[in-house]
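Here is a protein model to explore together. Have a look at it first, and then we'll walk through some of the contacts that can be picked out of it.

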Amino acid sequence: MTDEELLLLERANAERDEIFLRYDRGRKCDSIDAWEDPLFEVYTQADRYGFLHPVAPKQPKEAELLHHKIEMERLKKWVKMNNNWDGAATKKNLPRRIMKGIPDRMRSAIWRKLLDLDRQIRENVGMYERMLQCARQHSPDIRQIDFDVNRQFRNHLFYRERYSVKQQSLFRVLAAYSMYNTEIGYCQGMSTVAAVLLMYFDEEDTFWALDVLMTNPRYAMHGLYIVGFPKLMRFLAHHDRILTKCMPSLKKHLDKHEVHSVLYSLKWFFVIFIERIPFSLCLRVWDIYMMFGERVLTAMAYTILKIHKSKLLRMKDMDQVTDFLQTSLHKQFGYDDDHVIKVLQNSMDELKKLKLLNLPPASANELPTVPRGQTVVEPSAQTK
């Protein structure tokens, strides 16, 4: 190595050590700049999921009370199912009740069962801590992880303060996973998925939940994040096939204004609709995704365009369409969650009949080919 390369390597190691030290100290860190903490606005109100809004969400009190009543009635059934998870009645009723929505206070327990986290943790005792220690010594992704942690959910109570408890946890999960799954390392988008999981799980549970979503064939998100994003390309191509077959007039309209699917659907597939539809609806989609897997993303993308087809056809340029799909829907979808999920169910049935529900087979291996969590081979100097 040249003297210049040795100097750069020394700087990279020092930077990694410094970043880890800041997260170790948390809010006691003395290098928090004023811009890193969002201003606390007096006239804000947190919704039930912890997101801050400039004014209280405009949901009629009657509707809110009715929703609460229905959720409390369903809660009893979900507690019973959770306590008898392997029973015949649970297996029979689970898909139907998943479509109706998991009560929020039961999400942690049910997601844990759907992802089989207890088995993952039981079979990998001590792995998370080992990978975190490896990340302290070797991970080349720490700078990017640090940037993304502080950009994630700036309007959420858990993440708004620099080096808060949840920011610390998110940083450690992503750092550890960058060494556990070296084929991915770290890719932007993973921080969003991990941050949502951390709203319902602790650190180690989130690490293993992230790994299940990446490597279980039902979800296989690994293919979304590896070099070349092969699964993302498959999602986009399949989405275009669905539009051509099921909504040719809308497809023609979008093509006319050069609104290609990549312009509006990246976050639909890349981070399971986070920050593209209201969070309450997004959680319902996550519930169904954890039950049924990747085909839910195909059907939900179709559902969004089907519900808003008439409005989209009236739009006259690329900017109007992309702004509507990227920004407006997240703030005001225009339909209540139950209605959207019913349309989603119909979409899944429709696409299944047309043999368009499932993605075509992958042309390349989109699951890990290198064993995960092995004895760490120190990255090359060039990588560092």
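Let's start with a serine pair: the side chains of Ser178 and Ser139 are joined by a polar contact of 2.9 Å. Keep in mind as you read that this is a predicted model. Where in the fold is Ser178? Look in helix 8, which covers residues 165-180. Ser178 also has a polar side-chain atom that lies 2.6 Å from the backbone oxygen of Ala175.

Is Ser178 buried or exposed? Its relative accessible area is 3%, and anything under 20% counts as buried, so Ser178 is buried. What surrounds it, once you skip the neighbours within four places in sequence? Ser178 is in contact with Ser139, Asp141, Ile145, Gly185 and Tyr186. You've met Ser139 already, as the partner in the polar contact.

## Two domains and where they touch

Now zoom out. The chain is divided into domain 1, made of residues 1-54 and 70-215, and domain 2, made of residues 230-354. Between the C-alpha centres of the two domains there are 26 Å. Where domain 1 and domain 2 meet, 26 residues of domain 1 are in contact with 17 residues of domain 2. About 1900 Å² of area is buried between the two, and carbon and sulfur atoms give 78% of that.

What about charged and polar links? Five residue pairs are in polar contact between domain 1 and domain 2, counting pairs with both residues at pLDDT 80 or more. The salt bridge count between these domains is one. Asp287 forms a salt bridge with Arg107, and their closest N and O atoms are 2.8 Å apart.

Which elements give two or more residues to the side of domain 1 that touches domain 2? They are helix 3 (88-100), helix 4 (107-114) and helix 9 (190-198). Helix 3 gives the most, with five residues.

UniProt has something to add here. Its unreviewed entry places the feature "domain: Rab-GAP TBC" at residues 101-293. In the model, that span is 67% helix and 0% strand, and its end C-alpha atoms lie 16 Å apart.

## A look inside helix 9

Ala195 is found in helix 9. With a relative accessibility of 0%, Ala195 counts as buried. Which residues is Ala195 in contact with, leaving aside its neighbours within four places in sequence? They are Gln152, Phe153, Tyr159 and Leu170. As for Ile277, it is 82 residues from Ala195 along the chain, and the C-alpha atoms of the two are separated by 17 Å.

## Salt bridges

How many salt bridges does a search of the whole structure find? The answer is 22. Here are four of them, with the N to O distance for each.

| Salt bridge | N to O distance |
|---|---|
| Asp287 and Arg107 | 2.8 Å |
| Asp104 and Arg107 | 2.9 Å |
| Asp205 and Arg112 | 2.4 Å |
| Lys251 and Asp255 | 2.8 Å |

Let's take a few rows in turn. Arg107 appears with Asp287 and again with Asp104. Both Asp104 and Arg107 are buried.

Next come Asp205 and Arg112, whose side chains meet in a salt bridge. This pair links distant parts of the chain: Asp205 is in helix 10 (residues 203-215) and Arg112 is in helix 4, 93 residues apart. Asp205 has a relative accessibility of 10%, so it counts as buried. Arg112, at 22%, counts as partly exposed.

The Lys251 and Asp255 pair sits within one helix, helix 13 (residues 248-256). How far apart are these two along the helix? They are separated by about one helical turn, because they are four residues apart. Lys251 is buried, with a relative accessible area of 16%, whereas Asp255 is partly exposed at 36%.

Salt bridges can also join up into a group. Glu18, Arg22, Asp146 and Arg162 are linked in a network of them. Try finding these four residues in the structure, then go back to Ser178 and Ser139 and spot their polar contact.

Methods:
Residues numbered from 1 in each chain as written. Predicted model: local features only at pLDDT ≥ 70, side-chain atom pairs only at ≥ 80, totals over all residues. Heavy atoms only, no water. UniProt positions renumbered as here; feature names shortened; annotations may be inferred. Buried < 20%, exposed > 50% of the residue type's maximum accessible area, 1.4 Å probe, protein only. Polar contact = N/O pair within 3.5 Å; in protein donor to acceptor, adjacent residues only side chain to side chain. Contact = heavy atoms within 4.5 Å. Domains from an automatic or database assignment. Buried area = accessible area lost by both parts, 1.4 Å probe.
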